[in-house]
Amino acid sequence: MKKKTKILLSLLFGAILLFHLAWAGNYFLNYRPYTKTVPMHESGEYFLMTDNYDLSVAMPSYPTFTGNLAITNKNDDLSFIIWPSVGATPEIGLQILGPDGVTYSVILDQSLNYDSGKNPSDMPKEQINQLIIDRRTEMDEMYDYAKKSWNL
């Protein structure tokens, strides 16, 4: 019985250690490089205000593995939320203010188009697609700036 207990405790300790190493690796190797262009402020948050955009990096909080990158225009009516992933293409979210005063939050594909497979079926797809068409130039410029800033 004592030998089984030692083995179980060793396995438990190993699993806990592995989880912590994975979390630290994700934090430092996946997210820390994004903070090179976005400094930390006294509040402990990473953000940068430029002439055209506000950028921020939300580091993953323990014990989660998910953080994000965000870029917002100065009017605060168009934002991208980017969830980077090791070895995979990042997931891209869009927050866009409609003429009705409603801010729509949707997932986009890599071409910055509405992704039907990743958004709820009750989203007003046609209205959101029209907003994307109307704001395409600004969206492309903004996302290009994000890609350059964070080397995406």
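Two strands count as paired if DSSP finds at least two bridges between them. With that cut-off in hand, here are some close-ups of this predicted model.

**View A. Strands β1 and β2, joined by a hairpin.** Strand β1 covers residues 46–49 and runs antiparallel to β2, with 4 bridges joining the two, so the pair clears the bar of at least two bridges. The connection between β1 and β2 is a hairpin through 3 residues. If you want a spot to zoom in on, try Tyr46, whose bridge partner in β2 is Val57.

**View B. Val57 and its neighbours.** Stay on Val57 and look at what surrounds it. Leaving aside residues up to four places away in sequence, Val57 touches Tyr34, Thr35, Val38, Tyr46, Asn68, Leu69 and Trp150. Tyr46 thus turns up twice: as a contact of Val57 and as its bridge partner. Val57 and Trp150 are also both among the residues that touch the most other members of the largest nonpolar core.

**View C. The largest nonpolar core.** Which residues touch the most other members of this core? They are Val57, Phe80, Leu94, Leu108, Met139 and Trp150, out of 32 residues in the core. The elements giving two or more residues to this core are α1, β2 (53–58), β3, β4, β5, β6 (103–108), α2 (125–134) and α3 (136–150). Helix α3 gives the most, with 5 residues. As general background, nonpolar side chains in soluble globular proteins tend to be buried together.

**View D. Strand β4 with β3 and β5 beside it.** Is strand β4 (residues 78–85) enclosed or open? Of its 8 residues, 6 are buried, so β4 is largely enclosed by the rest of the structure. Strand β3 (residues 68–73) runs antiparallel to β4, and 4 bridges join them. Strand β5 (residues 88–97) is also antiparallel to β4, this time with 7 bridges. For landmarks, find Ala70, which stands opposite Ile81 in β4, and Phe80, which stands opposite Leu94 in β5. Phe80 and Leu94 both belong to the group with the most contacts to other core members.

**View E. The two hairpin turns at β4.** The hairpin of β3 and β4 has 4 residues between the strands, and Asp76 there takes a positive phi near 60°. The hairpin of β4 and β5 has 2 residues between the strands; in this one, Gly87 is the residue with a positive phi, near 70°.

**View F. A salt-bridge network around Arg135.** The count for the model comes to 6 salt bridges. One of them pairs Asp77 with Arg135, the closest N and O atoms being 3.1 Å apart. Why does this pair tie together parts that are 58 residues apart in sequence? Asp77 sits in the loop between β3 and β4, while Arg135 sits in the loop between α2 and α3, so the salt bridge spans that separation. Both partners are buried: Asp77 has a relative accessible area of 18%, and Arg135 comes in at 17%. Arg135 also forms a salt bridge with Glu138, with the closest N and O atoms 2.8 Å apart. At 26% relative accessibility, Glu138 counts as partly exposed.

**View G. A salt bridge within helix α3.** Lys147 and Asp144 form a salt bridge whose closest N and O atoms are 3.6 Å apart. The two are 3 residues apart in helix α3, which means about one helical turn separates them. Each is partly exposed, Lys147 with a relative accessible area of 34% and Asp144 at 35%. Back in the previous view, salt bridges that share partners join Asp77, Arg135 and Glu138 into one network.

**View H. Ser149 in helix α3.** Is Ser149 buried or exposed? Its relative accessible area is 17%, so Ser149 is buried. Setting aside residues up to four places away in sequence, Ser149 touches Thr37 and Leu55.

**View I. A nonpolar patch on the surface.** Ile7, Leu8 and Leu11 make a nonpolar surface patch of about 320 Å². Leu8 is found in helix α1, which covers residues 2–31. With a relative accessible area of 58%, Leu8 is exposed, since the cut-off for exposed is over 50%.

Notes: Residues numbered from 1 in each chain as written. Predicted model: local features only at pLDDT ≥ 70, side-chain atom pairs only at ≥ 80, totals over all residues. Heavy atoms only, no water. Patch = residues over 30% accessible without salt bridge, like charges linked within 9 Å, V, L, I, M, F, W, Y side chains within 5 Å. Areas by Shrake-Rupley, 256 points an atom, 1.4 Å probe, with all protein chains shown as cover. Salt bridge = Lys/Arg side-chain N within 4 Å of Asp/Glu carboxyl O. Buried < 20%, exposed > 50% of the residue type's maximum accessible area, 1.4 Å probe, protein only. Core = buried A, V, L, I, M, F, W, Y, C linked by side-chain atoms within 4.5 Å. Contact = heavy atoms within 4.5 Å.
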